[in-house]
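Me: I would like to go through this structure and ask how each term is justified. Please set the values against the definitions.

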Protein chains: 2
Amino acid sequence: MATLVQKYGGTSVGSVERIENVARKVIEWKNKGDGNDIVVVVSAMSGETNRLIGLAESIIENPERKSSREYDVLVSTGEQVTVALLCMALQKLGQEAISYTGWQVPLRTDGSNSKARIESIDPENLSRELKAGKVVVVAGFQGVDDDNNITTLGRGGSDTTGVALAAAIGADECQIFTDVDGVYTTDPRVVKKARRLNTITFEEMLEMASLGSKVLQIRSVEFAGKYNVPLRVLSSFDEGTDNHGTLITYEDDEMEKPKVTGIAFTRDEAEVKVSNVKDTPGVAATILGAIADANIDVDMIVQNIGTDDRTDFTFTVKRNDYDEAVTVLNKLRETIGDDISISGDSSIAKLSIVGVGMKSHVGVASAMFSTLAKEGINIRMISTSEIKVSVVIDEKYLELGTRALHDVFELETPREMRA
Amino acid sequence: MATLVQKYGGTSVGSVERIENVARKVIEWKNKGDGNDIVVVVSAMSGETNRLIGLAESIIENPERKSSREYDVLVSTGEQVTVALLCMALQKLGQEAISYTGWQVPLRTDGSNSKARIESIDPENLSRELKAGKVVVVAGFQGVDDDNNITTLGRGGSDTTGVALAAAIGADECQIFTDVDGVYTTDPRVVKKARRLNTITFEEMLEMASLGSKVLQIRSVEFAGKYNVPLRVLSSFDEGTDNHGTLITYEDDEMEKPKVTGIAFTRDEAEVKVSNVKDTPGVAATILGAIADANIDVDMIVQNIGTDDRTDFTFTVKRNDYDEAVTVLNKLRETIGDDISISGDSSIAKLSIVGVGMKSHVGVASAMFSTLAKEGINIRMISTSEIKVSVVIDEKYLELGTRALHDVFELETPREMRA
């Protein structure tokens, strides 16, 4: 007998038929072994959130910012519809079920509409319903602030809801059901030999998520790590309850770890270069401060010390912030000198290898660099941490580089069978 | 400076363009004269409630009964969408506005899902928002019970929400904006000469509503009467704020009253006759008790004492209950005798004249009967109260009878100009 939180995303509940399919799946899990207590978290039916946002945008530009309180009132109805329909489907199959909206739980957040952060969850209501034998179906992505305003956690927030509920009720596992059946060594659409991982460590998953793997929302992984919630990724389209997906683990038995666990990438990048900058104290702060003031996130940064007291800054930003970043920098000419030169490239990509085994294995980074060199791929920027190495390359080489690295680190071979 | 509650129905907010139109109208009323405080109550966009019910019905039969709690969670999202969109439209036009769902008000109801009754409304939140200069937009039709379950008031319940809010905040008037511009002497689609009434008494309106005039939901009229809320029916499609619609009044200056104020009718009727019933004590209770046990409402009842200790019962039910009523009666043969005879007619209609002036004017009923007789219309059943006379006739004569009565009681002439 275990307590499970299961989260089903928008595609998994995208039609009445799929909702009925989820209901059958939930009942199978509920009755598995000597029975389980189940809390289900669901997203809006796929397409519904976009439909609602479309209505809002036909009234006001940027409703998310200009009417953020009402935006949350509007889009939170998407999940409310799904919880009601899933409960009906469960009840039709003879399973007692009850729905909870965010405010009914209550799931308390701060007051930042459209990007609220969870502050606390009162587990009392949910525990009482579970004790009564009911499946509890909770609307993902939404909460309520201290003034009883409806809030939402931002896109993808249903994963976070699942993990936070699992932490609050002390669940044995939070299961994220999605349209893939686990976490892969890399994107199977790019590398056919990509292999599903049975386990991945929390730290690795966090890197994979922040480096472009879209299986889990990064905040949900952070949350899981913070509260030590065992997290599992499973396919909502598999039949039965025998598939195990990928479990995110918290053990740290380094001897067991392979050098490299997975390869993540993102095309959503752009490179900006400011050259011929006078190398005076505070100039980096001036440049990066102006970028930060414009609400643009900077990822990788490289500074080259040149000659004649001049220096270069190169950094990466999200691709859709590129134009604004260049505009901001041009305005800086008045402050830091009219002779700076600004250039950039928005057709770059970031390619990363991730693995906790890197900590204790030297030579992983150099193996990566030489493999890319052998394929004729120029590395434009490098960034490393204890468990990952990221490089910026031309976007056109992304697939080639990913496949080459997947081969050289033998990711298609299960770790225990590697040389 | 007045405090107004304005209710806009599903047709008035049926599209983004219409919501924007309502926003302009609300702002006109807010700025009229030396300014008004405005609470707006809205329904779901027309078609939305049916879409949601369609989703539910594709999962479970009779969701309203079999999953009534979840049914309310589902359908209450319709109004939640409208309040958010209307607030966005108001904000875009520079008017501060804030939305309230039923639970946020809070509007407390009993726990009868899908047909809840309002128990109390806390005016504090709404008053605070009004004081801050905001237009408050409240989701109609919904509330919350003592256990924080979402409830709905049943179809048309948004009118009731409007009246109840007006009572709670002590509004000067509750204005029901609809697709007609007031209450008419009878349905203008049947009688072209039908005339809009400037005023109608509360008692008359209650009779008109219960006798088939669909301008206002009967519960909202009852509520208005109970709390003495001045109620006005207006068209949401009229331009400007100069039309006065029809005001429901509470004065009772009988000298001013015309004999007949309006004519109401309903086609939604069926007649059931049980003949040759042994006339023993309790037999009426047996027959009507069985009908009531099947949740069938009986409207008019006539009993004829026949010969040989035999009696006849004739009564009317809603047309869509007709088949079940006959089935129930057939089962009764075992109890009250196999020799009873059951017959009926589902092509009948009920035609009623309404007017508080009847109290002090004799001969109104006989004028009605003779007018119908002159047109060759047979009266099958009669029911009277102090301020109305209803007759059951063949449905095919309904238009003819309505026009004849409209003429004979001079309803096309304003009351002060009548002979």
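Reply: Start with a pair of strands in chain B; note that the model is predicted. Strand β13 (residues 262–278) of chain B and strand β15 (residues 310–318) of chain B run antiparallel and are joined by eight bridges.

Me: What makes β13 and β15 of chain B a pair?

Reply: Two strands pair if there are at least two bridges between them. β13(B) and β15(B) have eight, so they count as paired. As one example of position, B:Val272 stands opposite B:Phe315 in β15(B).

Me: How do you know that β17 and β18 of chain B pair?

Reply: The test is again at least two bridges. β17(B) and β18(B) have five bridges, in the antiparallel sense, so the test is met. B:Ile382 has B:Val391 in β18(B) as its bridge partner. A hairpin of two residues leads from β17(B) to β18(B).

Me: Which sheet do these strands belong to, and what is its order?

Reply: The sheet is open and has six strands, in the order β14-β15-β13-β16-β18-β17 (chain B), with antiparallel pairing.

Me: Why are β14 and β17 of chain B said to stand at the edges?

Reply: β14 (298–305) and β17 (381–385) of chain B each have a single partner strand, so one side of each has no neighbour in the sheet. From one strand to the next, the twist averages 25°.

Me: Which helix lies across β13, β16 and β18 of chain B?

Reply: Helix α13 (residues 398–408) of chain B does, and it runs at about 125° to β13(B).

Me: Now to chain A. Why are α12 and α13 of chain A called oblique to each other?

Reply: Helix α12 (residues 364–374) of chain A packs against helix α13 (residues 398–408) of chain A at about 130°, with the axes 10 Å apart. Roughly perpendicular ends at 115 degrees and roughly antiparallel means over 145, and the rest of that range is oblique. The angle lies between those limits, so α12(A) and α13(A) are oblique. The contact is made by A:Ala367, A:Met368, A:Thr371 and A:Leu372 of α12(A) and A:Gly401, A:Ala404, A:Leu405 and A:Val408 of α13(A). These residues divide into six nonpolar, two polar and no charged.

Me: What makes α1 oblique to α4 in chain A?

Reply: Their axes come within 9 Å and cross at roughly 55°. Under 35 degrees would be roughly parallel, and 65 to 115 roughly perpendicular. The value falls in neither range, so α1(A) is oblique to α4(A). The crossing of α1(A) and α4(A) is right-handed. By class, their contact has eight nonpolar, no polar and one charged residues.

Me: How many residues of chain A are in contact with chain B?

Reply: 27 residues of chain A are in contact with 28 residues of chain B. On the side of chain A that touches chain B, α4(A) gives the largest share, 14 residues. That side divides into 16 nonpolar, eight polar and three charged residues.

Me: How do you know that the two chains are related by a two-fold axis?

Reply: A turn of 179° with a shift of 0.1 Å along the axis lays chain A on chain B with an RMSD of 0.2 Å. That is the relation of a two-fold axis. In chain A, A:Thr77 has the C-alpha nearest the axis, 2.7 Å from it. The same surface serves both copies, as 100% of the contact residues of chain A recur in chain B.

Definitions and conventions: Residues are numbered from 1 along each chain as its sequence is written. Chains are lettered from A and ligands numbered from 1 in the order in which they are written. This is a predicted model: local features need pLDDT of at least 70, side-chain atom pairs count only at pLDDT 80 or more; totals for chains, interfaces and linings use all residues. Axes are lines fitted to C-alpha atoms, for helices over the stretch in contact, and angles run from 0 to 180 degrees between N-to-C directions. Helices (H or I, at least four residues) and strands (E, at least two) are DSSP runs, numbered from the N terminus. Two residues are in contact if their C-beta atoms, placed from the backbone, lie within 7 Å. Ala, Val, Leu, Ile, Met, Phe, Trp, Tyr, Cys and Pro count as nonpolar, Asp, Glu, Lys and Arg as charged, and the others, Gly among them, as polar. Copies are superposed by least squares on the C-alpha atoms of residues with pLDDT of at least 70 in both. A crossing is left-handed if the near helix is turned anticlockwise from the far one by less than a right angle, and right-handed if clockwise.
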